[in-house]
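I opened a new structure today and kept notes as I went. The entries below follow the order in which I looked things up.

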Amino acid sequence: MSGMKRNVVLALAVAAAVAAPAAFATNGYFAHGYGVKAFGMAGAGVAYPQDSLAAATNPAGMVMVGARKDVGVQLFNPSPRSQESVGGSLSTGKNESDGDFFFVPEGGFNTMLDANTSIGVSVYGNGGMNTEYKTNTFLGLGAGTSPLGVDLAQLIIAPTWSTKLNKDNAFGASLLLGYQRFKATGLEAFGGNSTDSTKLTNNGYDSATGTGVRIGWTGNVSPTVTLGATYASKIAMSKFDKYKGLFAEQGDFDIPANYAVGMAIKMNPKMNVALDVQKIEYGSVKSIANPLDAAPSGATTLGNDGGAGFGWKDQTVVKLGFDYKYSNEWMLRAGWNHGSSPIPDSQLLFNIIAPAVVEDHLTLGATMHTGKSSEVNFAYMHAFEGKQTGPVLAAFGGGTSELKMSQNAFSMSWGWGF
């Protein structure tokens, strides 16, 4: 089997693994970083590519990392909780989702066609969300089963071409092949407000596919400073037919566009600092952005073109990371990631099933060089507990709703140059 064929087989195997159940929610429902090295630097990498997952952040970086392969896995543990204090029919009290552990694989390879051009493939989990409450908050509305929750997982396969325009500038482009799967349970209480209550909840997993593009640039503006910029289009996904009575536009759930700028500074021969600012356009996807106005009697009907969603707004994320060459064998990393919650206080109730309220993340990481062209990478992320409180609509009984979430994740990968 040729080297290229082996690489394709590797990518497909990783893709199959990533398509398995996985869940995380850090910057909204996007992962905070891709590739274990960037993961340990708070996700910063627009101007600082380090491995063959670089295309997930900025495809221009692939030509800078050279010929290499990377395979990694993340162990993720979210801890979402909700608490409702209402004067009406909703279940009242503390309600905790099971804090399960999830495995999130990723991988990639990159091949140099010549000294200035590369092609490669990056395979990664773009994001996701998982909740499973044993007590259904909405049972008091007259219908429902337990558990209450959702399971969303998104996979992207990104074939990438990258080239050096000259000695200081590079450009890259990726085709984004998106796959996602979803299920919901326990939402029967909203059947009277759905365009199709048989396509609202408890229908098992459904899947969707779509395509988009990402482009990017990096440029050395001085011997010690590199800049970068990248843009990923909205990935227009096929519809979740089993849930066309839940999501706006008859089951549409596109992956939102996002863009970022970044800067990397070589502080000295041993230390680099990277800073990224990213914008995620959650507000452009109706099924994510449309608000739940008033329910159950006067709600914007679930499933139609203007159907109620989660009320999310666009999110701006700041990622600051650094690495330090401790010795010839060890590189150390750390970072801080901040993104304000995309959920308005008025929209907390429906977001019990998608409590993306964490804002601040601390990351640590390291690389151990095990040979001339091989390495093992480690990273840890702690998302500090996010807490958000807001009013419950009068149609639900009034009062307040409170969401909390914290997260921990540990990642490990193996990389080889060839």
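**Entry 1: strand β5 and its partners**

I began with a single bridge: Gly149 has Thr185, in β6, as its bridge partner. I note here that the model is a predicted one. I then looked at the pairing as a whole and found β5 and β6 antiparallel, with 14 bridges between them. The connection from β5 to β6 is a hairpin of 4 residues.

I turned to the pairing with β4. β4 and β5 also run antiparallel, and 16 bridges join them. One position I looked up there is Gly127, which stands opposite Gln154 in β5.

How many of the residues of β5 are buried? I found 13 of 17, so I wrote the strand down as mostly covered, with under 20% relative accessible area as the cut-off for buried.

**Entry 2: the whole protein**

I stepped back to the overall counts. The protein has 16 strands and 5 helices. It is 418 residues in length, and 56% of them are buried.

I also looked up how far along the sequence the contacts reach. Counting contacts between residues at least 6 apart in sequence, I found that 70% join residues at least 24 apart. For the surface, I noted an exposed area of about 15,500 Å², of which carbon and sulfur atoms supply 59%.

**Entry 3: the nonpolar cores**

The largest nonpolar core holds 62 residues. Which of its members touch the most others? I listed Tyr29, Phe182, Leu187, Leu246 and Trp312. Several elements supply at least two residues each to this core, among them α2 (36-39), β4 (117-133), β5 (148-164) and β6 (169-185). β15 (374-391) and β16 (400-417) are also on that list. β5, the strand of my first entry, gives the largest share, 5 residues.

I found a second core, separate from this one, with 6 residues. Its members include Ala44, Tyr48, Ala264 and Ala274.

**Entry 4: a nonpolar patch on the surface**

Next I looked for nonpolar side chains at the surface. A patch of about 900 Å² includes Val73, Leu75, Phe101, Phe103 and Trp336. Leu362, Leu364, Tyr380, Phe384 and Phe410 belong to the patch as well. β1 (68-85), β14 (360-369) and β15 each give two or more residues to it.

I checked two members one by one. Tyr380 is found in strand β15. Is Tyr380 buried, partly exposed or exposed? Its relative accessibility is 33%, so I entered Tyr380 as partly exposed.

Phe101 sits in the loop between β2 (93-96) and β3 (102-114). I entered Phe101 as exposed because its relative accessibility is 56%, and the cut-off for exposed is over 50%. Leaving aside neighbours within four places in sequence, Phe101 is in contact with Leu75, Phe76 and Asn77. Phe101 and Phe76 are 25 residues apart in sequence, yet their C-alpha atoms are 5.6 Å apart.

**Entry 5: Leu175**

I went back to β6, the strand that holds Leu175. Leu175 has 39% relative accessibility and therefore counts as partly exposed. Beyond its neighbours within four places in sequence, Leu175 is in contact with Ile157, Ala158, Pro159 and Gly212. I also looked up Arg214, which is 39 residues from Leu175 along the chain, with 6.6 Å between the C-alpha atoms.

**Entry 6: salt bridges**

How many salt bridges does the structure hold? I noted 7. Lys37, Arg68, Asp70 and Glu375 are linked in a network of them.

I looked at some pairs separately. Asp168 and Lys167 form a salt bridge at 3.1 Å, N to O. Asp168 is partly exposed at 24% relative accessibility, while Lys167 is exposed with 73%.

Glu249 and Lys286 meet at 3.9 Å, N to O. Glu249 is in helix α4 (residues 248-251) and Lys286 in helix α5 (residues 286-289), so this pair ties together parts that are 37 residues apart in sequence. Both ends count as partly exposed, Glu249 at 23% and Lys286 at 37%.

The last pair I looked up is Lys404 and Glu402, also a salt bridge, at 3.9 Å, N to O. Lys404 is partly exposed at 22%. Glu402 has a relative accessible area of 16% and so is buried.

Terms used
Residues numbered from 1 in each chain as written. Predicted model: local features only at pLDDT ≥ 70, side-chain atom pairs only at ≥ 80, totals over all residues. Heavy atoms only, no water. Core = buried A, V, L, I, M, F, W, Y, C linked by side-chain atoms within 4.5 Å. Buried < 20%, exposed > 50% of the residue type's maximum accessible area, 1.4 Å probe, protein only. Patch = residues over 30% accessible without salt bridge, like charges linked within 9 Å, V, L, I, M, F, W, Y side chains within 5 Å. Areas by Shrake-Rupley, 256 points an atom, 1.4 Å probe, with all protein chains shown as cover. Salt bridge = Lys/Arg side-chain N within 4 Å of Asp/Glu carboxyl O. Pairing = 2+ DSSP bridges. Contact = heavy atoms within 4.5 Å.
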